[in-house]
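Colleague: Please show me the model, so that we may discuss its fold and packing.

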Amino acid sequence: MSIWWSLHLRREAASVPLARRLLIGTMETAGVDPDVSYDLSVALSEACANAVEHGGAGTSGDSPQAYRVTAYLDGEKCHIEVTDSGPGFTTPPRAPRPASTDAEHGRGLCLIQELADHVQIGNTPGRAGAVVSFEKILKWRKDTPLMAV
């Protein structure tokens, strides 16, 4: 079984729960284990929040007021990518360091790395913008009608 969707969202805080709910609904319908769905939805929320906060003022032809979320549930894994049209990373991204536990900013990329199995963080090739992509191996509910074959 394969499920794919892509959203072009405005850089507004209200877009974050929309993307999260769509992902949770897709995984619930497909029969993904709720713990895996929760982990991926938190990671997606963090990536979207970063795009909303930092993803504007790009120089590309895309609207600086938008970002894109793409999700693939394919066989035994889920791949998610969040791309914005902002300035991207000014220095090459390195492994995020944990922020202090009481910090209000700086924990998103660390959370994504903790919740996903494979994470790539970088600039969009050939144009302005950042891209955060991550994957997680899926576990399925025992009673799922759409179990991966």
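Colleague: Among contacts between residues at least 6 apart in sequence, what share joins residues at least 24 apart?

Modeller: This is a predicted model, in which local features need pLDDT of at least 70 and side-chain atom pairs count only at pLDDT 80 or more, while totals for chains, interfaces and linings use all residues. Residues are numbered from 1 along each chain as its sequence is written, and side-chain values use heavy atoms, with hydrogens and water left out. Contact means heavy atoms within 4.5 Å. For the pairs you describe, the share is 66%.

Colleague: In what order do the helices and strands follow one another along the sequence?

Modeller: Helices (H or I, at least four residues) and strands (E, at least two) are DSSP runs, numbered from the N terminus. The chain has three helices and five strands. Read along the sequence, their pattern is β-α-α-β-β-α-β-β.

Colleague: Are α1 and α2 roughly parallel or roughly antiparallel to each other?

Modeller: Axes are lines fitted to C-alpha atoms, for helices over the stretch in contact, with angles from 0 to 180 degrees between N-to-C directions. The axes of α1 (residues 15-30) and α2 (residues 34-54) come within 9 Å and cross at roughly 155 degrees. Angles under 35 degrees count as roughly parallel, over 145 as roughly antiparallel, 65 to 115 as roughly perpendicular and the rest as oblique. The two helices are therefore roughly antiparallel.

Colleague: Which element gives the most residues to the largest nonpolar core?

Modeller: A nonpolar core is a set of buried Ala, Val, Leu, Ile, Met, Phe, Trp, Tyr and Cys residues joined through side-chain atoms within 4.5 Å. The largest one has 33 residues, of which Leu 40, Leu 44, Tyr 67 and Phe 134 touch the most other members. Elements giving two or more residues to this core include β1 (2-10), β2 (66-74) and β5 (130-137). With nine residues, the largest contribution is that of α2.

Colleague: Which residues of α2 are in contact with Phe 134?

Modeller: Neighbours within four places in sequence are left aside here. Phe 134 then touches, among others, Cys 78, Ile 80, Ile 112 and Val 119. From α2 (residues 34-54), its partners are Leu 40, Ala 43, Leu 44 and Ala 47.

Colleague: Is Thr 124 buried or exposed?

Modeller: Thr 124 lies in the loop between β4 (118-123) and β5, and its contacts beyond four places in sequence are Thr 83, Asp 84, Gly 129, Ala 130 and Val 131. Buried means under 20% relative accessible area, exposed over 50%, and partly exposed in between (1.4 Å probe, protein chains only). Because its relative accessibility is 11%, Thr 124 counts as buried.
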